[in-house]
Amino acid sequence: FPLSTNCQRHCNDCGARGWDNSTGTQCKVVSPPQIEEGEGYRTRMHRVNNSVQMTFSNPNPIKYTGSVWRMEAQAIDRYGAAKGGMIEVGTMFFEDVTEGISHFESFHEHITCVPCAEFKESELRRGPFFADGRKVTDLTFTPHAQ
């Protein structure tokens with residue numbers, strides 16, 4: 001569920017895959033810090049509050065247990081140095097998540113009609129990292145065909 005003004009309930013392409021009850025939360029930054037070729041963004045997803053109860057109306061009030069998470073981003077130069085401070089992408093409530101995140105998906109969405117060759121981009125993912133220094137022992141990446 002969205003908890004900040006940058007986020008809203010989102011249907012995740014309802015009906016495109018035969019789903020009729022798919023809902024999620026979409027968070028976005030309307031005017032992100034500008035970057036040049038070779039630069040990028042560093043993102044951080046961290047738990048703000050754990051094992052909390054929140055009530056949301058859909059349309060009737062329902063109480064959920066879960067945790068609050070925040071996504072932040074920071075522009076970085078081609079050498080990995082910060083170009084300004086962290087900005088909040090969004091804060092959201094994850095239902096039934098109190099231990100941590102075991103599955104996370106993200107994708108790039110170009111709004112409006114844009115020719116495919118207009119964007120030259122690559123992606124490098126590292127982590128997850130634990131604040132207390134623990135090491136991740138099992139991590140897999142599964143690409144999804146679109």
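How many aromatic pairs does a search of the whole structure find? The search finds six. This tour visits some of them in a model that is predicted.

**The whole chain**

Begin with the entire chain in a cartoon view. Its secondary structure consists of five strands and zero helices, and the order from the N terminus is β-β-β-β-β. The chain has 146 residues, of which 21% are buried. Now display the surface: about 11,600 Å² is exposed, and carbon and sulfur atoms supply 51% of that area. Consider also the contacts between residues at least 6 apart in sequence: 50% of these join residues at least 24 apart.

**Select F1 and Y64**

Next, select F1 and Y64 and show their side chains. The ring centres are 5.0 Å apart. The planes meet at 45°, so this pair is tilted, since the tilted class lies between 30 and 60 degrees. F1 belongs to the segment before β1 (7-10), whereas Y64 is in strand β4 (residues 61-76). The two residues are 63 residues apart, and the pair therefore links distant parts of the chain.

Are these two residues buried or exposed? F1 has a relative accessible area of 14% and is buried. Y64 also has a value of 14% and is likewise buried, because buried means under 20%.

**Add F93**

Keep F1 on display and add F93. The rings of F1 and F93 have centres 6.3 Å apart and planes at 40°, so this pair is tilted as well. F93 lies in strand β5 and F1 in the segment before β1, so the pair ties together parts 92 residues apart in sequence. F93 is buried, as is F1.

**Add F56 and R9**

Select F56 in addition to the three residues already shown. F1, F56, Y64 and F93 form one aromatic cluster. Then select R9 and examine the end of its side chain. The charged end of R9 sits over the ring of F1, at 4.5 Å from the ring centre.

**Finish at E95**

Finally, move to E95, which is in strand β5 (residues 87-95). E95 is partly exposed, because its relative accessible area of 39% falls between the limits of 20% and 50%. Which residues does E95 contact, leaving aside its neighbours within four places in sequence? They are Y64, T65 and G66; Y64 is also a member of the aromatic cluster. As a last step, select the C-alpha atoms of E95 and M54: they are separated by 9.3 Å, and the residues are 41 residues apart along the chain.

How values were computed
Residues are numbered from 1 along each chain as its sequence is written. This is a predicted model: local features need pLDDT of at least 70, side-chain atom pairs count only at pLDDT 80 or more; totals for chains, interfaces and linings use all residues. Side-chain values use heavy atoms; hydrogens and water are left out. Helices (H or I, at least four residues) and strands (E, at least two) are DSSP runs, numbered from the N terminus. Buried means under 20% relative accessible area, exposed over 50%, partly exposed in between (1.4 Å probe, protein chains only). Contact means heavy atoms within 4.5 Å. Accessible areas come from the Shrake-Rupley method with a 1.4 Å probe; for residues, only the protein chains shown count as cover. Rings of Phe, Tyr and Trp (its six-membered ring) pair if their centres lie within 6.5 Å; planes under 30 degrees apart count as stacked, over 60 as edge-to-face and the rest as tilted. A charge sits over a ring if NZ of Lys or CZ of Arg is within 6 Å of the ring centre and within 35 degrees of the ring normal.
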